[in-house]
Amino acid sequence: MIKKEADWIQELPPNQYTIEDYDGGEARWCPGCGDFAVLSAVKRICRDNQIPPEKMVAVSGIGCSSRFPHYMNTYGFHGLHGRALPVACGIKARRPDLDIWVATGDGDCCSIGAGHWIHAIRYNMNITVMLFDNNVYGLTKNQSSPTSPQGLVTSTHPSGTWLPPLNPTLATLGFTNVSFVAQTVDWNPPHLYATLNAAYQHKGLSFVRIMQRCPTFTPNLFDPIINDPTRLILLTHENGIEVEPAVEKKFKNKVVHDPSDMTGARDLSTLEGKLAIGLLFHDPNTVIYDEFTNHGLDMDAGDKLKAVREEIARFAI
Amino acid sequence: MSGTDGSSVATPAGKSSGGANGAVVKSEQIVEIVSDSGEGAQKAGQTFGTISAKMGNGVWTVEIIPAEIKPPARSKAGASGIRVRIASDNVTNMGDEADLVVAFNEQVLYGRIEQHAYKKGTVVLLENKWAASPMAEVQKQYTEAVKEFKRLGLDVREMPLEEKCLEFMPDPRLGKNMFVLGMLCSIYGRDLQKAADEIAVVFKKKGEKVIELNRSLLQAGFDYGRTQLSDLSVEIPPRKEIPPQVVMNGNQALALGIMASGMDVVAMYPITPATSVSHHLAGTFHRAGGILHQAEDEIAAIGFAVGASYAGKTACTITSGPGLALKTEFLSLAVMAEIPLVTIIVQRGGPSTGLPTKVEQGELLTAVFGATGDNPKIVMAAATIEECFHFVIVARKLAEEFRMPVLLLSDANLATGVQPFPRPEPQAEWLASPFDQSPWQEGVRAYDWDHKTGMSTRPIPGQVGGEYVLTGLAHTEESKVAYEPEANQFGCTMRSRKLASFQSTLRTPVINGEPEGDLLVIGWGSTLGAIDEAVANLQADGRKVSSLHLRFLSPLEPGLSEIFARFNHVMTVEINYSDPADDPLVTVENRRRAQLARLIRSRTLCDVDCWSNVHGQPLHPRDIYDEIIGRLDSTNGGEVK
């Protein structure tokens, strides 16, 4: 046995994480589910940014996509219907050292947890929110979602849904203190990766709506766009999301959009028959709630006791 | 006490003797100031209570709160104000009828008379400006009221309160409360310098000019009392040699307890009567290293606290009944995933939005049982304002030790009651330990349950090697989603076992009185003082009555069955709903008993009776006394003979 390593072997830094370091349990999504693409993009981002697995928390609510934390080998919190965001904010409030990723679906975020969605955008804490939007409830078997296109036949609306769909992108752009809104699609992994990575780098709450198909209930959802590449618009800008030139070249329809332009962003989020992907809105100068909640983390027991004694003294007689 | 003619005034009682300087020496006095809301009665009463506490008296103050923010002026239902009970000894409750009341108008006094607040001989110091009101209707109401009050046996003294204040300010409505404070100080021989000092504290934010004005009003009221009301002088000798004290209300005590427990995060959503805890924290919590998060709703508040706790930070949420209902899903997650969490519930009247500002102990069963599936949690209740402080520290420790939610119950009575208690000396061990970030021990699972106790240690994000996914789904010891039926059975068993483990560390409750007798009265929460006082009076009358007061409701304190066996009858006294035993259609089987009675019956299989009401008021010792006497003397008074 050769005990001594050859001197030409390059020593890896001690914390060189590989994709496998982030592999959790075997994913139990349906074959062909867009969630797989998101999972592998996030693992790559973790590796590329060398996020220590113990420093990452994947937080989710309930639904197919909310199984996400189980498939990561990091800390995870698979909580309640619609309540991923308050939990994520609570974790981040006093743990600035942790990277928080939220996996939430269109029902979770835009229906049962909609109140938290509005306020999480306003708190603008430094977390990455991935909205897995497949326009339908998958886990509970094909009920209408708030983002279901009008007329979609579902178990709860067998003659087709009655109402026009809620537009989560436009809604988010309307919430006070919004700082980062992007759209991407599950069928373009390089763009998915680039978008989520840009979201991760953003300081504040980054909101990424991922358009995806449910292979079981909405497999043909984006056929018109997939079959006609001119309908998929890539947003480009020097302050936007950078994709590899080879990827960019494949897009037939590109629009230069300055992500500081809110009016343009709102227009691009409401295109008829077309879909714009990339960075719609970015404001790096918003108020970040963490800056208030991180107060006093370094305080020791002596400081605390002193403050408590002084407070009690105010009530002394 | 109340007759068909509208008379609601009891016969006087109490001990007194002659004192120095013509003052009558009494062991205790109950004083009220009643007014329309916004006239400063509570501020005057709180200050009077604080001065009395500083002079060494035992004190209990309770606010008289109308349900509306701004009820119409001069309405019976609009009675707002305060009751202050002062004694030579420790005071534990608001007592029975008042000895003296200052009323800013006669209509609010009607409201209090209907609530049996006074007795024959109660002195009424009544604002007399209404006699000269430009409105004939008001004049008439006033004149008739004075006649009626005198007919009821009240000692009515009409006086020009606002007129006297006009010398100092153009709008005496805003100043007469301090004039009244001065009057009370003269009647009860309060130290005027202490009163002037207190005014400086109360009006600190308003500036020197306002302080001076109020001191002038105080002095004027004092002089008026000395010259015009000297026959009312009462001396209440202070307690001797008491340890250093603090004086505060229950919500302030909770806030200080939160700080002293080393809590890191408090997340809440405003709800009466719990909200003021957050007011007390808002300006000070950061100094002890904590943060207050006002969430977008009750659910988000507990979710935020759960998140912080999962991340290793000690967290607490504060609410009242309606908020507790909304939080139950997260509470069951905290049970299932074993997340330490303190939930403070300052109870109010229910069901639904019920009586927002009133007293009720209606959340006991929701606290113990209200959540999905089997949800063992620790439920404890503070019985005094002092316990509001110390129990937060206990609750935090238990939550962490047993890795489960702890619910701490208080109520509107404790929340607004003000009482002195021995000054706490904060200890380092009261604070939470810093969260563990050392590498997780290899081979230890996320739920490595000790099979005997159900206890385990949790990994905290940041601990290398401890990575696990917390889930509300049934899970294995590795926190993996459980697909085997036995795994859920086992998890439920382990979580339940923690309660049995905790109960084995509790002591048998202390009996107040003889360990055997005719009747044992059981209480919980803020009724302690009133029950103790009633039972002491019964014992003084030779009745074989004892009482015990529970602090832990889940698990129940041990040894209850053995204690009960030594009494002929056992009953609870509570402020929540129960069917009267003699109601039509009510049988022994279908009778819906008061909440603690139901809980104890199910745990001990003892025939525990109850007496309770939902009037929204703290219990009067005399009402408890009368009820028990009635039952003891009756041959078939319901379930207790």
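Here are some exercises with worked solutions on a predicted model with chains A and B.

**Exercise 1: a sheet in chain B**

Work out in what order the strands of the open sheet E20-E19-E22-E23 of chain B lie, which strands stand at its edges, and what packs on the sheet.

*Solution.*
Step 1. Start with the order: the 4 strands run E20-E19-E22-E23 in chain B, and their pairing is parallel.
Step 2. Now look at the ends. Strand E20 (545-550) and strand E23 (608-612) of chain B each have a single partner strand, so one side of each has no neighbour in the sheet. From one strand to the next, the twist averages 25°.
Step 3. Zoom in on one pair. Strand E19 (residues 517-524) and strand E22 (residues 567-574) of chain B are joined in the parallel sense by 5 bridges. In this pair, B:Leu519 sits opposite B:His569 of E22(B).
Step 4. Add the helices. Helix H16 (residues 528-540) of chain B packs on the sheet and touches E19, E20 and E22 of chain B. The direction of H16 makes about 165° with that of E20(B). Helix H19 (residues 621-633) of chain B lies across E19, E20, E22 and E23 of chain B, at about 140° to E23(B).

**Exercise 2: a strand in chain A**

Find out how many residues of strand E3 (residues 99-105) of chain A are buried, and which strands pair with E3(A).

*Solution.*
Step 1. Check the cover: 6 of the 7 residues of E3(A) are buried, so to speak "mostly covered".
Step 2. Take one partner. Strand E1 (residues 56-60) of chain A runs parallel to E3(A), with 5 bridges between them. One matched pair here is A:Met56 with A:Asp99.
Step 3. Take another partner. Strand E4 (residues 128-133) of chain A also pairs with E3(A) in the parallel sense, over 5 bridges. Here A:Ala103 faces A:Met130 of E4(A).

**Exercise 3: where the chains meet**

Describe the contact between chain A and chain B: how many residues take part, what area is buried, and how many salt bridges are found?

*Solution.*
Step 1. Count the residues: chain A gives 55 and chain B gives 65.
Step 2. Turn to area. About 4900 Å² is buried between chain A and chain B, and carbon and sulfur atoms give 65% of that. On the chain A side, A:Tyr75, A:Phe315 and A:Ile317 lose the most area to chain B, together 16% of what that side buries.
Step 3. Look for charges. The interface of chain A and chain B has 4 salt bridges. In one salt bridge, the side chains of B:Arg287 and A:Glu311 meet at 3.2 Å, N to O.
Step 4. Ask which element of chain A gives the largest share of the side that touches chain B. That is H11(A), with 11 residues.

**Exercise 4: unusual backbone spots**

Compare A:Gln50 and B:Ser479: where does each lie, and is each buried or exposed to some degree?

*Solution.*
Step 1. Phi of A:Gln50 is about 50°, a positive value, although this residue is not a glycine. Phi of B:Ser479 is also positive, near 65°, and this residue is not a glycine either.
Step 2. A:Gln50 is in the loop between helix H1 (35-48) and E1 of chain A. B:Ser479 is in the loop between strand E18 (469-471) and helix H15 (485-503) of chain B.
Step 3. A:Gln50 has a relative accessible area of 23%, so A:Gln50 is partly exposed. For B:Ser479 the value is 1%, so B:Ser479 is buried.

Key. Residues are numbered from 1 along each chain as its sequence is written. Chains are lettered from A and ligands numbered from 1 in the order in which they are written. This is a predicted model: local features need pLDDT of at least 70, side-chain atom pairs count only at pLDDT 80 or more; totals for chains, interfaces and linings use all residues. Side-chain values use heavy atoms; hydrogens and water are left out. Two strands pair if DSSP finds at least two bridges between them. Helices (H or I, at least four residues) and strands (E, at least two) are DSSP runs, numbered from the N terminus. Axes are lines fitted to C-alpha atoms, for helices over the stretch in contact, and angles run from 0 to 180 degrees between N-to-C directions. Contact means heavy atoms within 4.5 Å. Buried means under 20% relative accessible area, exposed over 50%, partly exposed in between (1.4 Å probe, protein chains only). Buried area is the accessible area (1.4 Å probe) that two parts lose on being put together, summed over both.
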